[in-house]
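Colleague: Please take a close look with me at one part of this structure, and tell me how it fits with its surroundings. I am new to this, and plain words would help.

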Amino acid sequence: DGFDFDTQPNEEMGRSYAIVCASNQNRSMEAHHVLAKCGFQVSSYGTGSAVRLPGPSIERPNIYPFGTPYDYMYQDLFNKDPKLYGGS
C-alpha cells in the first residue's frame with residue numbers, strides 16, 4: 001500500500017514488535033496492519049480501559065474490549081453505517 005521498508009523481517013532473530021496506544025486506535029491499528037502485512041511479528045496493546053474508535057459524534061465513540069479482533073470491529077462499524085465507516 002505504498003510502503004517500502006528497507007528492512008525485512010528476520011525470522012532467525014525471533015524479533016517481535018509491540019504497537020502501544022492509549023486506546024489502540026487509528027494510527028496504531030494502521031501501523032499494526034502495515035507491519036503485519038510486511039511479515040513482521042507484531043502485537044497491539046492499549047494503555048486505556050478499552051479500544052475507542054470515533055463514532056458518529058464525539059459523545060458517542062465506538063467502544064470495544066481489548067482483544068476484540070480488528071476484522072470484527074471493521075464489520076461491526078460497516079454494519080452500523082456503511083457510508084460513515086466504509087471508506088476507512
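Modeller: Let's start with rings. Two rings of Phe, Tyr or Trp (for Trp, its six-membered ring) count as a pair if their centres lie within 6.5 Å; planes under 30 degrees apart are called stacked, over 60 edge-to-face, and the rest tilted. By this rule there are 3 aromatic pairs. Before we go on, a word about the model: it is a predicted one, where local features need pLDDT of at least 70 and side-chain atom pairs count only at pLDDT 80 or more, while totals for chains, interfaces and linings use all residues. Residues are numbered from 1 along each chain as its sequence is written, and side-chain values use heavy atoms, with hydrogens and water left out.

One of the pairs joins Tyr-17 and Phe-40, which meet edge-to-face with 5.5 Å from centre to centre and 80° between the planes. Helices (H or I, at least four residues) and strands (E, at least two) are DSSP runs, numbered from the N terminus. With those names, the pair links distant parts of the chain: Tyr-17 sits in strand 1 (residues 17-21) and Phe-40 in the loop between helix 1 and strand 2 (42-46), 23 residues apart.

Now to the part I would like to show you closely, helix 2. Another pair sits there: the ring centres of Tyr-74 and Phe-78 are 6.1 Å apart and their planes are at 20°, so this pair is stacked. Tyr-74 and Phe-78 are 4 residues apart in helix 2, which means about one helical turn separates them. A general rule helps here: an α-helix has 3.6 residues a turn, so residues three or four places apart point the same way.

How open are these rings? A residue is buried under 20% relative accessible area, exposed over 50%, and partly exposed in between (1.4 Å probe, protein chains only). Tyr-74, at 37%, is therefore partly exposed, and Phe-78, at 31%, is partly exposed too.

Helix 2 (residues 70-80) also has buried residues, namely Met-73, Asp-76 and Leu-77. They lie on the same side of helix 2, because they cover an arc of only 95° around the axis; the arc is that of the directions from the helix axis to the C-beta atoms. On the other side, Asp-71 and Asn-79 are exposed.

What does the buried side pack against? Its buried residues pack against helix 1, strand 3 (51-53), strand 4 (62-64) and helix 3 (82-85). Met-73 gives a good example: leaving aside neighbours within four places in sequence, Met-73 is in contact (heavy atoms within 4.5 Å) with Met-29, Val-51, Leu-53, Tyr-64 and Thr-68.

Met-73 and Leu-77 also belong to the largest nonpolar core, 7 residues in all, alongside Met-29, Val-51, Leu-53, Tyr-64 and Tyr-85. Strand 3 and helix 2 each supply at least two residues of this core. Such a core is a set of buried Ala, Val, Leu, Ile, Met, Phe, Trp, Tyr and Cys residues joined through side-chain atoms within 4.5 Å.

Asp-76 has a partner of its own: Asp-76 forms a salt bridge with Lys-80, where the closest N and O atoms are 3.4 Å apart. A salt bridge is a side-chain nitrogen of Lys or Arg within 4 Å of a carboxyl oxygen of Asp or Glu, and the structure holds 1 of them. Lys-80 and Asp-76 are 4 residues apart in helix 2, so about one helical turn lies between them.
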